[in-house]
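Biologist: I would like to learn how to read the packing of helices and the burial of single residues. Could we go through one example together, step by step?

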Amino acid sequence: MSRVANRPERAADRRGGTATGPRRLLGRLVGTAFGRAVLACLALAGWALWTGGILDGPIARQVRVSSVYAAPGVDLDRAAAERVIGNRRLVVLIMEPGADLREACDDTERAARGTLVLVMSRDGEDWDTYGCSRLGGDGAKDLGRAMVTETTIGRGADAFVDRPVEALKVIVLNYDRLVRAGLVPDGARTISPSLPRYLLAGGAVAGVVAGAVVLWFGGRRAGRLADARRTGRDARADERAALGAATAVLAQQIIDLDGHAGPVAPAHRRLAADYVGLLDEVSGVDDDARALRRLRERVEEMSRRAADLADDAAPGRRGTRGRGRR
């Protein structure tokens, strides 16, 4: 009975475990410096994409970088139209006949901020126009200026229904009159990237510079370590070569003493036994420079012993060194 009763609780625990798994993983990610940096980069990238117009429609994407938009199917020399408008704070949208002009104007709310927007579409022998000002604020004075500019900017364009570029010239003349009247602020339209893009660009430059500095210092450190290893390896090789040469000299000295008898014979046997024990140590020594140096000093000391024995065994000098020592 207790087993059956515990089954729902275990199932609930498993469901809770699976539900808290992503939360626990997110908590671990946020709890580290790397995780917080990743989240900050993701937030900055999302901000940059949103302010850059990732959710914009085709009209807004076009007017972010241009002052003219022509709907598909509209016959317009866009390059000539952009030259006519120049760098004025004026954006003109030429839509297909029957399009919703108000909706098209609303699509440019963020993309054409700080400009005067005029939406046009051909309606028989006239232009159907709709203006929306993005220049001022929401005060009563600003609203009055906006109404005047929106109703004035498209006057006279109906005479050039078949020539859109000429109609744009009339619109530009109306815009210049509004500027001289003080209804539209004078100045050029500036198109600049959003702040997150500057931050991303600065972060990319800083990352490249920091990476180059880290690589430079890392390369220098790696070069110093490699040079130290090469120097140590060369020193060990020199010590081993010197040890081998000293060992060979000592072996030849022991061989030269092999035929002598008399007082030097016991010392010669002890020297030969020490030499055999030394060979075992030489064959088992590692590449430690200090150990190689100690063995070489022992070989040199034994070589001096062999030289002394050779002097004692020389004809005419037998026992001389012993009497001198006494």
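Modeller: Let us begin with a definition: an axis is a line fitted to C-alpha atoms, for a helix over the stretch in contact, and the angle between two axes runs from 0 to 180 degrees between their N-to-C directions. Please keep in mind throughout that this is a predicted model.

Biologist: What is the overall make-up of the protein chain, in helices and strands?

Modeller: The protein chain has 11 helices and four strands, and buried residues make up 30% of its 326 residues. Its accessible surface comes to about 20700 Å², and carbon and sulfur atoms account for 56% of that area. If we take the contacts between residues at least 6 apart in sequence, 62% of them join residues at least 24 apart.

Biologist: How should I read a pair of helices, and at what angle do the axes of α4 and α7 cross?

Modeller: In general, two packed helices are described by the angle between their axes and the distance between the axes. Here, the axes of helix α4 (residues 78-85) and helix α7 (residues 164-180) come within 9 Å and cross at roughly 15°. Because angles under 35 degrees count as roughly parallel, α4 is roughly parallel to α7. The crossing in which α4 passes α7 is right-handed.

Biologist: Which residues of α4 and α7 make the contact?

Modeller: On the side of α4 they are A80, A81, V84 and I85, while α7 brings V165, L168, K169 and V172. Sorted by character, the residues of this contact divide into seven nonpolar, no polar and one charged.

Biologist: Now for single residues: is S67 buried or exposed?

Modeller: A residue counts as buried when its relative accessible area is under 20%, and S67, with a value of 11%, is therefore buried. S67 has its place in the loop between α3 (58-63) and β1 (68-70). Leaving aside residues up to four places away in sequence, S67 touches I85, G86, L90, V91, V92 and R189. For one of these, V91, the C-alpha atom is separated from that of S67 by 4.5 Å, although the two residues are 24 residues apart along the chain.

Biologist: Where does T108 lie, and which residues does T108 touch?

Modeller: T108 lies in the loop between α5 (101-106) and β3 (116-123). With a relative accessible area of 0%, T108 is buried. Again not counting residues up to four places away in sequence, T108 touches I59, V63, L93, R113, V117 and R134.

Methods: Residues numbered from 1 in each chain as written. Predicted model: local features only at pLDDT ≥ 70, side-chain atom pairs only at ≥ 80, totals over all residues. Heavy atoms only, no water. Helix = DSSP H or I, 4+ residues; strand = E, 2+ residues; numbered from the N terminus. Parallel < 35°, antiparallel > 145°, perpendicular 65-115°, else oblique. Left-handed = near helix turned anticlockwise from the far one by under 90°. Contact = heavy atoms within 4.5 Å. Nonpolar A, V, L, I, M, F, W, Y, C, P; charged D, E, K, R; others polar. Buried < 20%, exposed > 50% of the residue type's maximum accessible area, 1.4 Å probe, protein only. Areas by Shrake-Rupley, 256 points an atom, 1.4 Å probe, with all protein chains shown as cover.
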